Amino acid sequence: IINTPAGQRGATDGSFIRKSAIREKIPYITTMAAAKAAAKGILSIKRGQISDIHSLQELHAMIK
């Protein structure tokens, strides 16, 4: 789900959408930059260009 809420109504709707996405285990993205990055990542995985995947938390742990 790509949801870019605006205004009070958007915040209220966004909360409902986010909770539903979490409950259904559906990825939820709130910016177009993140959506583009996710799409590029998915494409790279499908093309076999990525073999080593880490969570953001794992990457931060590697820095320390």
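# A guided tour from Asn3 to Ile53

Select Asn3 to begin: with a relative accessible area of 15%, Asn3 is buried, where buried means under 20% relative accessible area, exposed means over 50% and partly exposed lies in between, all with a 1.4 Å probe and protein chains only. The model in your viewer is a predicted one, in which local features need pLDDT of at least 70 and side-chain atom pairs count only at pLDDT 80 or more, while totals for chains, interfaces and linings use all residues. Residues are numbered from 1 along each chain as its sequence is written, and side-chain values use heavy atoms, with hydrogens and water left out.

**The segment before α1**

Asn3 belongs to the segment that precedes α1; helices here are DSSP runs of H or I with at least four residues, strands are runs of E with at least two, and both are numbered from the N terminus. Add Tyr28 to the selection, and you will find its side chain in a polar contact with the side chain of Asn3 at 3.0 Å. A polar contact is a pair of N or O atoms within 3.5 Å; within protein, one must be able to donate a hydrogen and the other to accept it, and residues adjacent in sequence count only if both atoms are side-chain atoms. Not counting residues up to four places away in sequence, Asn3 touches Gly14, Ile17, Tyr28, Ile29 and Thr30, contact being defined as heavy atoms within 4.5 Å.

Move next to Ile2, which also lies in the segment before α1. If neighbours within four places in sequence are left aside, Ile2 is in contact with Ile29, Met32 and Ala35. A distance label from Ile2 to Lys40, drawn C-alpha to C-alpha, should read 15 Å, for a pair that is 38 residues apart in sequence.

Pro5 is found in this segment before α1 as well, and it counts as partly exposed because its relative accessibility is 42%. With neighbours within four places in sequence again set aside, Pro5 is in contact with Gly10 and Ala11.

**Helix α1 and the residue after it**

Now select residues 7-24, which form helix α1: at 1.5 Å a residue its 18 residues should span 26 Å, and the end C-alpha atoms are 25 Å apart, which agrees. The expected span is 1.5 Å times one less than the number of residues in the helix. Which residues of α1 are buried? They are Gly10, Gly14, Ser15, Ser20 and Ala21.

Towards the end of the selection, show the side chains of Arg23 and Glu24, which meet in a salt bridge at 3.8 Å, N to O. A salt bridge is a side-chain nitrogen of Lys or Arg within 4 Å of a carboxyl oxygen of Asp or Glu, and a search of the whole structure finds one. Arg23 counts as exposed, because its relative accessibility is 57%.

Step on to Lys25, which follows α1 and is found in the loop between α1 and α2. Its phi is near 60 degrees, a positive value in a residue other than glycine. Most residues other than glycine have a negative phi. At 76% relative accessibility, Lys25 counts as exposed.

**Helix α2 and the loop beyond**

Helix α2 covers residues 32-46, and its 15 residues should span 21 Å at 1.5 Å a residue, which agrees with end C-alpha atoms that are 21 Å apart. Within α2, select Leu43, which is partly exposed because its relative accessible area is 39%. Leu43 and Ser15 are 28 residues apart in sequence, and their C-alpha atoms are 29 Å apart in space. Just after α2, Gly48 takes a positive phi of about 75 degrees.

For the last stop, colour Ile45, Ile50 and Ile53 together, since they make a nonpolar surface patch of about 270 Å². Patches are made of residues with over 30% relative accessible area and no salt bridge, with like charges joined within 9 Å and nonpolar side chains (Val, Leu, Ile, Met, Phe, Trp, Tyr) joined within 5 Å, and the accessible areas come from the Shrake-Rupley method with a 1.4 Å probe, where for residues only the protein chains shown count as cover. Ile50 lies in the loop between α2 and α3 (56-63) and is partly exposed, with a relative accessible area of 34%. Ile53 is found in the loop between α2 and α3, and at 58% relative accessibility Ile53 counts as exposed. Leaving aside neighbours within four places in sequence, Ile53 is in contact with Ile45 and Glu58. To finish, label the C-alpha distance from Ile53 back to Pro5, which is 29 Å across 48 residues of sequence.
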